[in-house]
Amino acid sequence: MIANIVKPGNRTYGVLAYLFDKGRANEHTDQHIVASWDNFIPDPGPWDSPGHKQRLGQLAQALDLRVKQAGDKAPEGHVWHCSVRAAPEDRILTDAEWATIARRVLHATGIAPDGDPDGCRWVAVRHAEDHIHIVAAKVRGDLRPPRNWNDYRRAMNELTAVEEDFGLTRVARGPEAAAGTSAVKRSTRAEEEKAKRRGHDKTPRERLRHAVRTALSHAKDLEEFFNLLADAGLQVETRTLPSGDLGGYKVALTDDGTPIWFSGSSLATDLSLPQIRKRLAATEAQPTAATSARQYRPSPWHVATAAAERIPHHLAHADDGTVQAHLTVFGEVLSALPAHAPVRLQAELHRAATAFEHAAHTRARADHQHARAMRGALKAMRYQPADHMGLAMLLDAAVLVVLAAQRRSALHHHDRQVDAACQTLTHLRAAYDQVAPTSLTELGRHYPSDNTVHRYARTLHEVLPLHAEQILTENAWPALTATLAAAEAAGHNPATVLQQAAQNRSLYDAKSASEVLVWRIQRLGMRHAPSPSARAAQGSSPHSYSAAQSASGIPTASVPSPSGTGRPR
């Protein structure tokens with residue numbers, strides 16, 4: 001629940017007329033009073049009701065009575081106007097509940113303390129389901145002004161208690177609010193209404209923010225960043241300081257009539273020029289074609305996936321600056337994915353990136369040097385398009401990152417960030433479910449011989465005795481056998497890569513343990529195989545999670561053929 005206290009004014013009638021009017025876009029409905037200093041005052045009702053203007057004038061005169069009595073002693077700007085809005089996810093409150101909330105806010109701020117017959121005259125108006133407006137004349141019955149200093153903070157403190165008492169969403173405030181507030185600058189109501197009139201589902205601010213984030217995710221330096229903005233069809237202007245240094249930039253759409261310019265910081269705090277400079281400077285150079293042909297050059301998609309798999313650990317154990325750096329670069333990856341994905345996935349991935357904007361910001365000063373590897377891989381991804389397998393692998397790791405971010409936000413009671421993470425997960429999982437089956441089916445076509453399949457099943461029982469039976473019945477088991485065969489052909493020990501894959505990520509909360517192993521072993525198999533001496537050492541070392549279970553022997557009679565069907569994923 002949020003309070004907003006408007007700058008004091010002098011036109012009581014004008015404020016009331018707006019509250020009881022139909023609104024700029026007919027958004028005001030069922031306008032009525034829910035509470036007041038006097039239960040017998042006239043309720044003007046909706047703007048088109050009979051006698052509305054007469055009752056509105058009577059209400060304004062009653063509120064201003066003491067102002068007129070005080071004469072020159074009345075304070076400059078005697079109208080106190082405070083709106084109180086519930087969170088979008090809260091239930092719809094009754095008029096009686098809003099009346100109680102209004103009285104508590106007025107008492108806390110000193111405008112009309114409980115039991116004070118000389119408290120200021122006030123009225124609480126409701127014209128929507130999710131909020132009320134409180135209007136008061138700041139002259140007490142003794143013709144003195146109220147003691148309402150620091151009223152905003154006092155109102156917000158009272159609303160914290162209101163949230164607890166009414167079972168409403170807990171909104172972060174104070175230092176907690178600084179950590180829980182999104183970097184995204186919201187569109188104004190006027191921008192939203194204009195976008196609707198022109199048939200757009202997004203405002204210019206939102207469209208520009210997405211375009212700027214996408215360009216930033218691909219650019220290696222400022223020059224390329226501005227070129228990518230122009231290539232995306234945006235108008236771009238830069239501001240030069242007297243010293244000759246670049247001082248800022250602004251962008252506008254070219255397809256929206258008269259251009260309306262937005263600076264980077266007005267799109268999001270992390271899109272200001274200084275913040276962009278810091279992020280571009282913290283990019284780890286990736287190997288290029290000039291690198292020796294003998295040097296192993298991993299796919300940037302594999303590098304990005306490996307970096308993503310490490311982020312949950314950082315979120316749980318690193319300092320705030322490191323956490324913010326990893327969340328920021330992961331957000332850049334999500335912003336870039338739609339440009340690399342098949343058309344059918346782009347809308348879902350775009351929604352995931354937009355939702356994560358509200359889930360990732362902690363207000364901590366990001367130490368971007370800690371995320372150099374992923375940002376470097378992100379830049380290289382532009383020149384190496386992903387196949388379905390690389391995209392599915394990265395999306396699988398991305399789900400883990402968002403789950404970890406959600407847990408961290410929940411520990412800090414950042415409810416809105418938790419909700420934003422939930423939305424992100426919904427879209428990422430939807431995209432994964434569209435791309436993964438194709439990749440897994442393609443892998444499954446390369447399954448090895450039945451003897452090899454039975455050997456892998458025995459290895460699976462030895463290495464993962466607690467998960468083996470489940471994995472053998474899953475639809476991705478054929479893909480897992482093909483992946484193990486490919487890794488073994490490259491010189492890897494199947495038991496070792498299985499163990500490494502399982503150690504890197506828990507299988508207990510996985511939707512499909514076999515899919516987790518497929519993507520992990522796919523990436524591990526791309527590494528150089530160990531030398532013969534290293535393989536010999538691997539073969540002589542224990543590779544099971546439970547030596548006792550391994551020694552006891554595991555039955556392997558029920559090993560399904562890779563061409564068989566398992567339970568639905």
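# A hairpin, a small sheet and two cores

In the hairpin formed by β6 and β7, 5 residues lie between the strands, and one residue of this hairpin, G244, has a positive phi near 95°. The model described here is predicted.

The two strands of the hairpin are β6, residues 234-240, and β7, residues 246-253; they pair in the antiparallel sense over 7 bridges. Across this pairing, V236 stands opposite V251 in β7, and E237 stands opposite K250 in β7. The hairpin belongs to an open sheet of 3 strands, in the order β6-β7-β8, with antiparallel pairing. β6 and β8 (262-263) are at the edges with a single partner strand each, so one side of each has no neighbour in the sheet. Between β7 and β8, which run antiparallel, there are 2 bridges. K250 has a bridge partner in β8 as well, namely S263. In general, strands of a sheet pair through backbone hydrogen bonds, which may be parallel or antiparallel in arrangement.

What lies over the face of W261? K250 does, at 5.2 Å from the ring centre. K250 thus appears in three descriptions: opposite E237, as the bridge partner of S263, and over the ring of W261. A charge over a ring is also found at W149, where the charged end of R154 sits 5.1 Å from the ring centre.

## Aromatic rings

A search of the whole structure finds 4 aromatic pairs. Two of them are set out below.

| Pair | Centre to centre | Angle between planes | Arrangement |
|---|---|---|---|
| F225 and F226 | 5.3 Å | 50° | tilted |
| F330 and F356 | 5.2 Å | 80° | edge-to-face |

F225 is buried, with a relative accessible area of 0%. F226 is buried too, with a relative accessible area of 14%. Ring pairs join F225, F226 and Y249 into a cluster.

Which helices hold F330 and F356? F330 lies in helix α13 (residues 320-340) and F356 in helix α14 (residues 343-357), so this pair ties together parts that are 26 residues apart in sequence. Both F330 and F356 are buried.

W477 lies in helix α20, residues 477-489. Is W477 buried or exposed? W477 counts as buried because its relative accessibility is 1%, and the cut-off for buried is under 20%. W477 and S514 are 37 residues apart along the chain, while their C-alpha atoms are separated by 6.0 Å.

## Cores

The largest nonpolar core has 81 residues, and L337 and L517 are those with the most contacts inside it. Helix α16, which covers residues 388-411, gives the most to this core, with 13 residues. Leaving aside residues up to four places away in sequence, L517 touches L464, I471, L480, L498, A501, A502 and L507. There is also a second, separate core of 29 residues, which includes V84, A102, L106 and A155.

## The chain as a whole

The protein chain contains 24 helices and 8 strands. Of its 569 residues, 50% are buried. How much area does the protein chain expose? The exposed area is about 27,000 Å², and carbon and sulfur atoms supply 52% of it. Among contacts in the protein chain with a separation of 6 or more, 74% are between residues 24 or more positions apart.

How values were computed
Residues are numbered from 1 along each chain as its sequence is written. This is a predicted model: local features need pLDDT of at least 70, side-chain atom pairs count only at pLDDT 80 or more; totals for chains, interfaces and linings use all residues. Side-chain values use heavy atoms; hydrogens and water are left out. A nonpolar core is a set of buried Ala, Val, Leu, Ile, Met, Phe, Trp, Tyr and Cys residues joined through side-chain atoms within 4.5 Å. Buried means under 20% relative accessible area, exposed over 50%, partly exposed in between (1.4 Å probe, protein chains only). Helices (H or I, at least four residues) and strands (E, at least two) are DSSP runs, numbered from the N terminus. Contact means heavy atoms within 4.5 Å. Accessible areas come from the Shrake-Rupley method with a 1.4 Å probe; for residues, only the protein chains shown count as cover. Two strands pair if DSSP finds at least two bridges between them. Rings of Phe, Tyr and Trp (its six-membered ring) pair if their centres lie within 6.5 Å; planes under 30 degrees apart count as stacked, over 60 as edge-to-face and the rest as tilted. A charge sits over a ring if NZ of Lys or CZ of Arg is within 6 Å of the ring centre and within 35 degrees of the ring normal.
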